[in-house]
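Could you walk me through this structure? I'd like a relaxed tour that links the details to one another.

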Amino acid sequence: MTRGPGGGDGRTERGGCADDRDIIARIIHADRYVVESIPECSLLSAPPAREKPLLTMREEFAAACVLYSRGMELAHGLFEEKRDLFPRDELAAWAVDTTESLMRNKAALLSLCKLRCGGDYLCSHSVNAAVLGAAFAMHLGVNRVFLPDFAAAGFLHDVGKLFVPEHILRYPGGLSPSQMEEMQAHVLKGQEFLRFWDDVSPIVLDGELDHHECHDGTGYPYGKSEGEISFTGRLLAVVDMYDAMSSTRGYRRQVTPFRALGFMYNERDSHFAPGYPQAFIRLMGVYPPGSFVRLSDGSLALVLEADAHAGLRPLVMRVLDREGRSCASDVIALGEREDLSVSGTLWKLPARLRRDAEERIGRI
Ligand SMILES: [Fe+2]
C-alpha cells in the first residue's frame, strides 16, 4: 500500500490484490461464458447479449443523478423516518425509471453507487442493491417486463431491518450469538411486513426471503441449498455481498470493488450458486464504473465505463495529476493508449473528491 497523490487523498492497493485482478481478468477474457450454467428460469427471455448503450454516460448522467437522489429520499422515508404509509406507488415508478436509465446507459447509475457512498449504510445499500439487482438481471437476460421488480426486490431486500433494534443494527463490532440471532431475524420479519402489502411481486418476496441462503446450505433462515433457492435470491446474494464489501460500514473495512469481486469468485459454488459470481464479474468489469484508479503516469482517474470487453483498459477521466493537483478532465480510452495503463486501485477517497468527480462528469 502506498499513499496516493495529494497525501491523504487515497491509497493505492497493490501486491496481493493483483491476484484478484488477474483472476477477474481471466474470467472476463474466457470465451466460455458461465451464464449457461445458471438453471433454466422462466424469467429469462433471451441469452445474455452485449448491451450497447443508447446514450453516452455523459448524456445519461444528469438523469441518473436525479434518480439516485430520489432513491435515497425513498430509502430515508422507509428506514430513517419509518413512515407508516410508505409511498409504494412512488417506489414502483422509481423502479421503472431506474430500469430505463440502466437500459440507456448502465454505467451512469452504477458509477453513482460508488460515488455517492457514505451516509446511512442501510439507505445507500438499499438503493445500490436496487440498481445492481436490476442491472444484473438485465445482464443475465431477464425479460425487460420483470426488470422493475428486480429493482424493487433489491430496494426492499433488507426491509426487515426496520424491526432489528437500533443498537444491534449499528453495533460497531462483531455480534454475539444472541445479537446475531436478532439480526438474522430480519429476513422473516421482512416477509411478515411485505405480506401486508397487496400485490407484492413474487420476485420481491423471493429476493427478500432467500438473499442470505447459500448454495451449500449454510445460509439462513432455512438453510436452503442448490435448486431450493430462488433465482432472485441467488442474484441478490451476489449483489448484497458485493455492495456490503465495497461500502463503508461501522465495523468492517471497505475494500476496493475488485477485491470484493475476487473474494466473491473464491466463494463460487459454496456461498453462491455456480456461475453467478462469474456473471456478475462480467457485468462489472475488472474496474467497475465509479472506481478510482491510479494510471501508470502517476495521475488519478475515475473509471467511467468498463465491462467485460474493456477488461483491464476501461474508459477513464483524469481528475488529479501525479502531484495530486486538480487537472483538466481528460477522458481517456485506455484501450487506445498503449503508453498508459492502470497501475492500481484506490479506496477511502474523501467525499469532496468524489463530489468533484461527479461534477466533472456533467461538464465533460
Ligand atoms: Fe439482509
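**A tour from the strands to the metal**

Let's begin at a pair in the sheet: Ala301 sits opposite Arg318 of strand β5. Keep in mind throughout that this is a predicted model. Ala301 belongs to β4, and β4 (residues 300–305) runs antiparallel to β5 (residues 315–320), with five bridges joining the two. Ala301 also has a partner in another strand, since Val293 stands opposite Ala301. That brings in β3, which is antiparallel to β4 and joined to β4 by three bridges. Another pair on this side is Phe292 with Leu302 of β4.

So how enclosed is β4? Five of its six residues are buried, so the rest of the structure largely encloses β4. As for β3 (residues 292–295), Phe292 and Arg294 point one way, Val293 and Leu295 point the other way, and all of them are buried. The turn of the β3 and β4 hairpin has four residues between the strands, and Gly298 takes a positive phi there, near 95°.

Stepping back for a moment, the protein comes to 13 helices and seven strands. Of its 364 residues, 57% count as buried. Take the contacts between residues at least 6 apart in sequence: 69% of them join residues at least 24 apart.

Now for the metal. Which residues hold the iron ion? The iron ion is coordinated by Asp158 through OD and by His186, His211 and His212 through NE2, at 2.1 to 2.3 Å. Read along the chain, the donors follow the spacing D-x27-H-x24-H-H. Asp158 and His211 link distant parts of the chain, 53 residues apart: Asp158 is in the loop between α5 (147–156) and α6 (166–169), while His211 is in the loop between α9 and α10. Both Asp158 and His211 are buried.

Why does the arrangement around the iron ion count as irregular? The angles subtended by the four donor atoms run from 86 to 177°, and that makes the arrangement irregular. For reference, four tetrahedral donors would ideally give 109.5 degrees. A tetrahedral label would need every angle to lie between 85 and 135 degrees, and the upper end here is 177°.

Helix α9 is a good place to go next. Gly207 is found in this helix, and Gly207 is buried, with a relative accessible area of 0%. What does Gly207 touch? Leaving aside residues up to four places away in sequence, Gly207 touches Thr232, Gly233 and Leu236. There is also a glycine from another part of the chain to look at: the C-alpha atoms of Gly207 and Gly154 are separated by 7.4 Å, although these residues are 53 apart along the chain.

A few backbone details deserve a look too. Most residues other than glycine have a negative phi, and most peptide bonds are trans. Asp199 has a positive phi of about 55° and is not a glycine. Asp199 is placed in the loop between α8 (186–194) and α9, and at 79% relative accessibility it counts as exposed.

The loop between α9 (202–210) and α10 (231–245) includes Pro221, and a cis peptide bond joins Tyr220 and Pro221, with omega about 10°. Glu226 lies in the loop between α9 and α10 as well, with a positive phi of about 40° despite not being a glycine.

Glu226 also leads to the last stop, the empty space inside. How many cavities of 30 Å³ or more does the structure hold? There are three of them, and the largest cavity holds about 50 Å³ of space. Glu226 is one of the residues lining the largest cavity, along with Glu213, Cys214, His215, Ile229, Arg234, Ala237, His271, Phe272 and Ala273.

How values were computed: Residues numbered from 1 in each chain as written. Predicted model: local features only at pLDDT ≥ 70, side-chain atom pairs only at ≥ 80, totals over all residues. Heavy atoms only, no water. Buried < 20%, exposed > 50% of the residue type's maximum accessible area, 1.4 Å probe, protein only. Donors = N, O, S within 2.8 Å, 3.2 Å for Na, K, Ca; no water. Tetrahedral: all angles 85-135°; square planar, octahedral: opposite > 155°, others 65-115°. Pairing = 2+ DSSP bridges. Contact = heavy atoms within 4.5 Å. 1 Å grid on protein atoms, 1.4 Å probe; cavity = no way out; pocket = protein on both sides within 12 Å on 5 of 7 lines; lining within 4 Å. Points joined across faces, edges and corners; volume = space filled by probe spheres on them.
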